[in-house]
Amino acid sequence: MATYDVAVIGSGPGGYVAAIRCAQLGLKTAIIEKYNTLGGTCLNVGCIPSKALLDSSEHYHQAKEQFETHGIKLNNLAVDMPQMIKRKREVVEQTVGGIDFLMKKNKIDVFHGHGSFKSTTEINIAKEDGSTETIEAKKTIIATGSKPSSLPFIEIDKKRVITSTEALELQKVPKKMVVIGGGVIGLELGSVYQRLGTEVTIVEYMDSIIPTMDRTMGKELGRSLKKMGMKLLLSHKVKEVSATSRSVTVKADDKKGKEIELKADYCLVAVGRKPYTDGLGLENVGIATDERGRIEVNDHLQTKHANIYAIGDVIKGAMLAHKAEEEGTLVAEQIAGQKPHINYLLIPGVVYTWPEVASVGHTEEQLKDAGTPYKVGSFPFKASGRARASMDTDGLIKVLAHKETDEILGVHMCGPRAADMIAEAVVAMEFRASAEDITRMSHAHPTFTESFREAALAATDNRAIHI
Ligand code: FAD
Ligand code: NAD
């Protein structure tokens, strides 16, 4: 039986990063993945393919809506959906191929098959050809991720009632799509199809889209999405979804209890994801899951067995690729005897719509609830020369700072390139910068990042220059 210092079950961003870091630290490492390709949800059916389609659809949308104003004329502009999907697949293939290379480079043994615990140190691997193999590992890292969740009365037939996975593979631009859930997946994939010409209706249970983010962000993004033609039905409770072979009907009640009925080609169910532990044999090692199906871990990400860890979407916390990566690194370094730390407050959240939304730290609502004295500075992109030059004037940057100490407590951006710009806020907050610190740093002109400095100026005695 092959013996390892560490076995990692699951090869998503949590698992493959944990495996690489273990190998870098001199540990003999194996990784087990039930699918034929490595990379997990993120690389195969999540972050990477969705961003490929977001970029393609945004190029089309810009060509259609903005090029003429820029002085560029195009004839016969059209969407070639099969080509768009083909390019997306190629991006995925290249990216997962890169993980194969990294496994070889780091001398990590890759096992393709379904991993399950036989005991706290033995893992059974059931392969596609029906054969099985058992390996022994001193430590195991569970990184089995998550799957789409649904509502009890919805049957996901994967044909008309679909999840994100199927929405990334449509071969034709639908006429109409209903999206249940105005969270990250609903708005990102809803944007892809709205830009390509689909009439998209988002049905959200709460009174705001992206309801867990700072409320200003939902308002700002909502305005832009509506301008694009997307319909947002807030405070609506879906109660029935029925499908035929060609269409789907969604019934929901509005805030006052009045029923509405929507007909569409597809209904995308995007109401969250659930941890995935099916067939993992947790019962063989006495590891229980909580009421939401998550594996319980302590601050060191250890389960009830000190030699079995769990990371990423399968445990508590934000279901984000970079959160899973941080946890993979943390566990590997702990196993190697180091004392790493994760500052969970400073894990940024991003929505890759256009404008993009990006946040780090506390929301204004959280500061209010906690009774923390704070001040707000914001700056709209319509006052930015760079944003006017690129026709990206929607949105704003909001800086929340402590009223007495001026320490930055939260930064929320809705605007062009917010996904990349949030890194500056993360660095600033990691070094516990004050709003004034940001105002004293030179930001190249003209850039979108100047708007962060302006928002920090606004938070520092209302000193914004350009508004
Ligand atoms: P996963 O990536 O889910 O990987 C788990 C792996 O374990 C899978 O490959 C699975 O096959 C394997 N596995 C499970 N059980 C077993 C077993 N018993 N034996 C062997 N293998 C097993 N996050 C971001 O940060 N940014 C984004 O832009 C983003 N976009 C997203 C877009 C979509 C459409 C979706 C669905 C998700 C997106 N996410 C994004 C979330 C991100 O994909 C997840 O947070 C991330 O993949 C979690 O990583 P993980 O390693 O915990 O698990
Ligand atoms: P989500 O939690 O972001 O959004 C789900 C939305 O559905 C919420 O707004 C919720 O209020 C709503 N909802 C729940 N029940 C409902 C009902 N009965 N009727 C109407 N609306 C209802 O979940 P998601 O969009 O499915 O994404 C799943 C996970 O994947 C998220 O945790 C997210 O972190 C991750 N993800 C991240 C990114 C990114 O980082 N850019 C992109 C995609 C997915």
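Helices (H or I, at least four residues) and strands (E, at least two) are DSSP runs, numbered from the N terminus. The model shown here is predicted: local features need pLDDT of at least 70, side-chain atom pairs count only at pLDDT 80 or more, and totals for chains, interfaces and linings use all residues. Residues are numbered from 1 along each chain as its sequence is written, and side-chain values use heavy atoms, with hydrogens and water left out.

**View 1. A salt bridge in helix 5 links Lys-86 and Glu-90.** The two side chains meet at 3.4 Å, N to O. A salt bridge here is a side-chain nitrogen of Lys or Arg within 4 Å of a carboxyl oxygen of Asp or Glu. Why are Lys-86 and Glu-90 separated by about one helical turn? Because they are 4 residues apart in helix 5, which covers residues 81-105. Across the structure there are 23 salt bridges.

**View 2. An open sheet is built from 5 strands.** Follow the order 18-19-22-21-20 and you'll find antiparallel pairing; two strands pair if DSSP finds at least two bridges between them. Strand 18 (349-351) and strand 20 (374-380) sit at the edges with a single partner strand each, so one side of each has no neighbour in the sheet. On average, neighbouring strands are turned by 10° against each other, direction ignored. (Axes are lines fitted to C-alpha atoms, for helices over the stretch in contact, and angles run from 0 to 180 degrees between N-to-C directions.)

**View 3. Strand 18 meets strand 19 at one end of the sheet order.** These two pair in the antiparallel sense over 3 bridges, with strand 19 spanning residues 356-361. Look for Val-350, whose bridge partner in strand 19 is Ala-358.

**View 4. Helix 8 lies across three strands, namely strand 19, strand 21 and strand 22.** Helix 8 takes in residues 215-227, and runs at about 10° to strand 22 (408-415). Strand 21 covers 396-402.

**View 5. Domain 1 (3-148 + 274-344) touches domain 3 (355-459).** These bounds come from an automatic or database domain assignment, which also gives domain 2 (161-271). The C-alpha centres of domain 1 and domain 3 are 31 Å apart. Contact (heavy atoms within 4.5 Å) involves 4 residues of domain 1 and 4 residues of domain 3. About 330 Å² is buried between them, 50% of it from carbon and sulfur atoms. In domain 1, Gln-66, His-70 and Asn-343 lose the most area to domain 3, together 78% of what that side buries. Buried area means the accessible area (1.4 Å probe) that two parts lose on being put together, summed over both. You'll count 0 salt bridges between these two domains.

Note on methods
Chains lettered and ligands numbered in written order.
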